[in-house]
Amino acid sequence: MPGGTTHVSNAFVQRLSPHASADLNQPLLQDTNTVVDLPAPRQHDNAPAPAPPSGKSRLRSRWLVLVLSSLMQLGNYYCYDNPAALLVEMREQFSEGPQKAQFDFYYEMLYSVYSLPNIFLPLLGGLLVDRVGMLFSIVLFSSLLLGGQVLFALGDTISSLNVMLLGRALFGLGGESMAVAQSSVVAQWFQGKELAMALGVNLSFSRLGSVVNNAISPAIARMASVSVALWFGALVCLCSWASALALSLVDRHHTRAIRRAERRWRHEQMRQQLQHDTSAKLPPVKEATERISLSDTRSFSSAFWILALCTVVIYSSVLPFNNIAEALLQDRDYFKYGTRWRDAHNRTFVYSPETPNPPGTDCHSFAGQRLPFCKARAAAKEHVSIVMSEPYVMSACVSPVLGHLVDQRGGRAGLIVVSAMTLSIVHVLLGFSSIPAFLLLFGVGFSYCVFAAARRTVAPSPSPHSYTH
């Protein structure tokens, strides 16, 4: 699901002049694909040595990159949970006709066709980022997200569950792989004590998309239709696609500028050297080639694989829960099945999954909207939408702060343990206590954002020599 996969491309750096003496080795700066060993310039006549060009992590443009990389995931997170936010409305839409008996199966498949391929796709997406480049990858993944949401909305417009499934499958091809590309971008532009903060900002923007979806998608569906709500999601995806395209242009511009500055710096160094040593020669420049293969996973530490397992367990306790949270919370706290109501003809009926509306009346109709049952259910849905958003609101607000604290003070392993324990307690209390759900979901939000802040800064260092504790 969105939100979960982190990957950073490995940097394989070669020595390009093995015959040069040790005191002459001056490796060029990081953040580029070119590495050379240069002779150190002699300082004569008080001539200042030329300053090497700055890497991406020192440019002011990194803040623009941070905003664009966050916006390009907004559509992904907004549209991923469209089915969860619109469950009741979609069930009513398909409550008549031959697809009524199959709706629950198809609804679960909307998430299955997204999730099953993404057991493997993030790994393949990471390899694609490494081999063909980050810029091509983010445009490709964002295009898949946009195309998938358009197809999903089209399927609802023509009331075809099969087309909706196809759209979700296409959406899934870009969903988790986009998270891989996003992390790769951020790791190139932010380093050291800024990395966790930058990843936290990314997560905040992403969760903002989830919060907005839970709040406005049901409202749009009530005012217009489910199809209009889904087409609005496609518009959000279009904005994210534009952000991804802008990000690729900004990154390409600065990458080329850095390479030009490197060439000028190298030539200036050599010019100063040749003024005093005519025998000096510039070592040949070679491109640092990077060969990525699945065999590289053998070098990953045991701590990395334990972290991956923790990620599966924690996210399996949060994200699937949100998929069914609307119906679960509504029945648990806000609008329980088995209650008795009266329809438009003053006849008694029992609210149940088989009778979601008053017999003979649709709550979306003018007559239905005046019934006490429909008014109470609409109020319950608004409460549920607010409660469902609690974990994502906490994640959006707290993640940057937690990321900064983790950067400054560490303690990642302890935070992951605290997150897992808190989440376990919350789920037990949800199932076996009468504690109000709005209190318990704050625990879910706390666990989720603490784990995300700790994990996302550990995962960029998977090898035994670079693992960050």
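In the predicted model, Arg256 is partly exposed, with 47% of relative accessible area. This arginine is found in helix H10, which spans residues 226–276, and it takes part in a patch of positive charge on the surface, where Arg252, Arg256, Arg259, Arg260, Arg263 and Arg264 gather. The value for Arg256 falls between the limits of 20% and 50% that bound the partly exposed class, and therefore the residue is not counted as exposed, although it belongs to a patch on the surface.

Two further residues of helix H10 illustrate other surroundings. Ser243 lies in helix H10 and is buried, its relative accessible area being 10%; because buried means under 20% relative accessible area, Ser243 falls in that class. When residues up to four places away in sequence are not counted, Ser243 touches Leu68, Leu71 and Met72. Trp231 is likewise found in helix H10, but this tryptophan is partly exposed, with a relative accessible area of 35%. Together with Val150, Leu154 and Ile158, Trp231 forms a nonpolar patch on the surface, and the accessible area of these four residues together is about 330 Å². Helix H10 thus holds Arg256 of the positive patch, Trp231 of the nonpolar patch and the buried Ser243.

As a whole, the protein has 16 helices and four strands. Of its 469 residues, 49% are buried, and the accessible surface comes to about 22,000 Å², with 63% of that surface belonging to carbon and sulfur atoms. Among the contacts in the protein with a separation of 6 or more, 79% are accounted for by residues 24 or more positions apart.

The count of salt bridges comes to five. One of them is formed by Glu89 with Lys381, the closest N and O atoms being 3.2 Å apart. Glu89 lies in helix H4 (residues 87–93) and Lys381 in helix H13 (residues 372–388), so this pair ties together parts that are 292 residues apart in sequence. Both partners of this salt bridge, Glu89 and Lys381, are buried.

Helix H4 also contributes Arg91, whose side chain meets that of Asp104 in a salt bridge with an N to O distance of 3.0 Å. Since Arg91 lies in helix H4 and Asp104 in helix H5 (residues 103–115), the pair ties together parts that are 13 residues apart in sequence. Arg91 counts as partly exposed at 27% relative accessibility, and Asp104 is also partly exposed, with a relative accessible area of 45%.

A further salt bridge joins the side chains of Arg332 and Asp333, with 2.7 Å from N to O. The two partners fall into separate classes of accessibility: Arg332 counts as buried at 18% relative accessibility, whereas Asp333 is partly exposed, with a relative accessible area of 27%. The boundary that separates them is 20%, because buried means under 20% relative accessible area.

Positive phi angles are found at two residues that are not glycines, Ser159 and Asn346. For Ser159 the phi is about 55°, and the residue has its place in the loop between helix H7 (134–157) and helix H8 (161–189). At 35% relative accessibility, Ser159 counts as partly exposed. For Asn346 the phi is about 65°, and this asparagine lies in the loop between strand E3 (340–342) and strand E4 (348–350). Asn346 is exposed, with a relative accessible area of 53%, because exposed means over 50%.

Finally, Val313 has its place in helix H11 (residues 302–334) and counts as partly exposed, at 46% relative accessibility. Val313 and Ala420 are 107 residues apart in sequence, while the distance between them in space is 8.6 Å, C-alpha to C-alpha.

Definitions and conventions:
Residues are numbered from 1 along each chain as its sequence is written. This is a predicted model: local features need pLDDT of at least 70, side-chain atom pairs count only at pLDDT 80 or more; totals for chains, interfaces and linings use all residues. Side-chain values use heavy atoms; hydrogens and water are left out. Patches are made of residues with over 30% relative accessible area and no salt bridge: like charges are joined within 9 Å, nonpolar side chains (Val, Leu, Ile, Met, Phe, Trp, Tyr) within 5 Å. Accessible areas come from the Shrake-Rupley method with a 1.4 Å probe; for residues, only the protein chains shown count as cover. Lys and Arg count as positive and Asp and Glu as negative; His and the chain ends are not counted. The place of a charge is taken as NZ of Lys, CZ of Arg, CG of Asp or CD of Glu. Helices (H or I, at least four residues) and strands (E, at least two) are DSSP runs, numbered from the N terminus. Buried means under 20% relative accessible area, exposed over 50%, partly exposed in between (1.4 Å probe, protein chains only). Contact means heavy atoms within 4.5 Å.
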